[in-house]
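Let's take a friendly walk through a protein and DNA model. Keep the picture beside you and look for each part as it comes up.

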Protein chains: 2
Amino acid sequence: MARTDDRFRSAYNTLLDICADMNAGEQLPAENALATQMEVSRTIVRAALQKLDSEKLVQWDGRRKTLIKVPEAKHRLATAQSVPSNEELEHQFLEWILRFDVPEGTTLNVAQLSRQFGVPAYSLQEFLAGLNRFGLVERGKKSGWILRGFTAEFAVELSDFRQVLEMNAVRQLLEQPADHEIWQQLKLLRKEHEDLKTVLASRYHDFSVLDEKFHTTINSVVKNRFVIEAQKIISLIFHYHYLWDKTDELERNAAAIEEHLGWIDAMLSLDVARSEAAALKHLRSSKETLLSSLKGHKLV
Amino acid sequence: MARTDDRFRSAYNTLLDICADMNAGEQLPAENALATQMEVSRTIVRAALQKLDSEKLVQWDGRRKTLIKVPEAKHRLATAQSVPSNEELEHQFLEWILRFDVPEGTTLNVAQLSRQFGVPAYSLQEFLAGLNRFGLVERGKKSGWILRGFTAEFAVELSDFRQVLEMNAVRQLLEQPADHEIWQQLKLLRKEHEDLKTVLASRYHDFSVLDEKFHTTINSVVKNRFVIEAQKIISLIFHYHYLWDKTDELERNAAAIEEHLGWIDAMLSLDVARSEAAALKHLRSSKETLLSSLKGHKLV
DNA sequence: TCAATTGTATTTTATTAAAATATACTGTTT
DNA sequence: AAACAGTATATTTTAATAAAATACAATTGA
C-alpha cells in the first residue's frame, strides 16, 4: 500500500456516527453534502457508502441511500494510531538535542530519527527543511542534514535577535490604549509573580512556565507573522534550555522574578525609559544564563 | 531506477580527468584518497574503477590500479542536465507568484509546479515546507499547500518586520570603529547613488539593483544568522515587487535615491538621531510603494 | 606487528511507482 | 435547469527501491 487509507477509515467512522443519529429507513444526504460536511472528497464518501452497503447497514442504489440498521460500536474501523503532530515533533527534536547535547556538526540520521520519533521519514525531512530557514540545520554536501546550532555563538545570536524583537515589543506595548487587554494581563502576571515569589523555595521549578507566559504576553501585542514565527523558535529554545540547566536554579529564578517585576512595574507606570532599561537588564541576564548553561553542558 | 546515478557519472568523469593528468603505466591513488579528493563515497570510487577496468583504461587488481591508456573525450559519460538549485527554485517561485499575481488562498499544485519549474516534486515539497516557517504558505486541510502571503496585510507586516531589523542595523552600524570597512563601503555607495542620479532619466531601471545593494550593505554589520535569513526573504520580496511594478518608476526611484543619500550622509556624520529619522523616512516610503504596487496589481 | 588499504555487508538517502484521494467532466434524475 | 450520481483523470501521499554512504572485517605490505 502506497498511501495509507487512514482518511477513508476515519471518514467511514464519522459516517457511522452520522448514521447513528438517524433511524432505520431514513435516507442519507447527497454525496456532495456528506463530502462537504465531513471535509473529504466525494471519492471517499462513495468508498465509505460502498462499504456500508456491503456491510448491509445501508442499501445504496443511485441516489437512494436507505439506512437499514443503525450501526453499533463494533462496526467502527480501527484507525491508525495518530502520528505525532508537527508541534510534537518539534518538541521531541529539541528535547533530544538538548538532553543528549548533540554537538554542532552532527549529521542527522533521518532514517534513525524517524524511527526514534515515530514519524514517517519524509515528514522529518519537511521539518528539517523548515529549520533550515532558521539556520538551525543545513544540507550536507554528500547527503543528509547537519546540525548547526546550539553553540555559544548560536546562543549569542539567538539572544541578540530576541532582544531586537522584544525591545520592539516593549515600545509597541507602551503605545497601547488604556483599555487594551494587555494592561489587565500585565496586572495578572504581576500577581502570579508575587504569588510564586512567596512559595519559590519549594516551587521554583514552576518559573519556567511563568517565564514563557510572561514573554509570550509581552510579544502578543506585536501582530506580525514574521515576529510570531521567530518568537516561536526563540521561546522554544530558551524554554528547553531552562528545563535542562539545573545549576543555581533557585537563585537564578529568584533573580529573574525580581527582574520581571521591575519590568512589569515600569511598563504599568508607562515609563518608556525605565521599561527599556528593565527589559535590557533582564534580556542580558537571560543571555548570560543561556550561555552558561551551554558551557555547563559542554563540560559534562 | 530509484535514485539517479548522476553522482556516479560525474564522479566517473572526474576520475577520467585525474587519469588524463597521468601517464600510462602509472598507479592511481588509494580508493580512500580518491574518495576524499572527489568528495564522494568509496562505493562510487569502486564503481568508477570497475567501469574503468571494463573499459580497458585501467587494469584494476586489488591495490594495483595501473593506468593502461590515457582517456579521451569520447570516454566521458553524459551527465544529466542539472536541475535548478534551491536558490533558482526560490527565484522562479517568487517570480511566478508576482508576475501572474497568484491570489491569496490559491492551492498550489505541486505536481504541476514541479513540471513547470523542472524540479522533482519532493524537492518542491521541501521548499514549501521552508516557506511555511515564514507563514508564506500553509498546509491545506484536505491536501496540498495554500498560498498565504502577498496581500496588503502581508506587505504591512513584512515592512514592519524589515523596519525593526533595519533600525537595529543602523544603531549597530553607528557603533562601528572608524577603521571598519563599512565606512568605505558607505562612501562608495554614496558615489554610486550620485552617479546614477545624473543619468537617472535613461537608466532608472538600474536602481532596483542598487537599492538591494544598499540595504544589504547596511545589514551586513549585523552578524546574526537569524537576521541574515530573515533579510534574505525580505530583500527577495521587495526586489521582485520593484521589478514588476512599473508605475511612476522614474519619480519613485528619484525620490528613493534622495532618501538614500540623506540616510548615508546622516550615518557618515555619525548623527544617530538624524540617521534614525532618515532611515524611518525611507522605510516608510518603501512600505507605501510596496503597498501601492500590490493595489495596482489587484486592479489589473 | 600494525597501519594502510581493500573486500564485503549493512544502513541510509534520493527518487520513483503506485495506491489513496481529490477534482473535473459527463450524463441522469427530479 | 438545478441537483445529483457515474465515470475519468489528476494529484498527493507514502512504501518500495536502486544508488550512495558508511561500518566492519579481511588482507596486504612495510
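This report moves from the whole assembly to the DNA surfaces, and then to a few local details.

**Ground rules**

This is a predicted model, in which local features need pLDDT of at least 70 and side-chain atom pairs count only at pLDDT 80 or more, while totals for chains, interfaces and linings use all residues. Residues are numbered from 1 along each chain as its sequence is written, and chains are lettered from A and ligands numbered from 1 in the order in which they are written.

**How the two protein chains are related**

Chain A can be superposed on chain B by a rotation of 180° with 0.1 Å of shift along the axis, giving an RMSD of 0.2 Å. That is the relation of a two-fold axis. The superposition is by least squares on the C-alpha atoms of residues with pLDDT of at least 70 in both copies. Which residue of chain A comes closest to the rotation axis? It is G130(A), whose C-alpha lies at 2.1 Å.

The contact between the chains takes 25 residues from chain A and 24 residues from chain B. Here two residues are in contact if their C-beta atoms, placed from the backbone, lie within 7 Å. On the side of chain A that touches chain B, helix 6, helix 7 (152-174) and helix 11 (225-244) of chain A each supply at least two residues. Helix 7 of chain A gives the largest share, seven residues. Helices (H or I, at least four residues) and strands (E, at least two) are DSSP runs, numbered from the N terminus. By class, this side of chain A has nine nonpolar, seven polar and nine charged residues. Ala, Val, Leu, Ile, Met, Phe, Trp, Tyr, Cys and Pro count as nonpolar, Asp, Glu, Lys and Arg as charged, and the others, Gly among them, as polar. Because 96% of the interface residues of chain A are also interface residues in chain B, the copies meet through the same surface.

**The surfaces near the DNA**

A residue is near a strand of DNA if its C-beta atom, placed from the backbone, lies within 6 Å of it. The table sets out the two surfaces.

| DNA strand | Surrounding residues | Closest residues | Classes |
|---|---|---|---|
| Strand C | 32 residues | A2(A), R7(A), F8(A), S41(A) and A111(A) | 12 nonpolar, 11 polar, nine charged |
| Strand D | 34 residues | A2(B), F8(B), S41(B), T43(B) and A111(B) | 13 nonpolar, 12 polar, nine charged |

Which elements give two or more residues to the surface near DNA strand C? They are helix 1 (6-20), helix 3 (42-54) and helix 5 (110-117) of chain A, together with helix 2 (31-38) of chain B. For DNA strand D, at least two residues each come from helix 2 (31-38) of chain A and from helix 1 (6-20), helix 3 (42-54) and helix 5 (110-117) of chain B.

**A sheet in chain A**

Chain A has an open sheet of three strands in the order 3-5-4, with antiparallel pairing. Its edge strands are strand 3 (107-108) and strand 4 (137-139) of chain A, each pairing on one side only. Two strands pair if DSSP finds at least two bridges between them. Strand 4 and strand 5 (residues 145-147) of chain A are joined by three bridges, and the partner of E138(A) in strand 5 is I146(A). Helix 6 (residues 121-132) of chain A packs on this sheet and touches strand 3, strand 4 and strand 5. Its direction makes about 110° with that of strand 4; axes are lines fitted to C-alpha atoms, for helices over the stretch in contact, and angles run from 0 to 180 degrees between N-to-C directions.

**A hairpin in chain B**

Strand 1 (residues 58-61) and strand 2 of chain B run antiparallel and are joined by four bridges. D61(B) stands opposite R64(B) in strand 2. Two residues lie between the strands of this hairpin, where G62(B) takes a positive phi near 60°.

In a regular strand the side chains alternate between the two faces of the sheet. Along strand 2 (residues 64-67) of chain B, K65(B) and L67(B) point to one face and are buried, while R64(B) and T66(B) point to the other and are not. A residue is buried if 20 or more other C-beta atoms lie within 10 Å of its own, exposed if 12 or fewer, and partly exposed in between, with C-beta atoms placed from the backbone.

**Two loop residues**

E39(A), in the loop between helix 2 and helix 3 of chain A, has a positive phi near 60° and is not a glycine. Is E39(A) buried or exposed? With 12 other C-beta atoms within 10 Å, E39(A) is exposed. K56(A) sits in the loop between helix 3 and strand 1 (58-61) of chain A, and its phi is also positive, about 65°.
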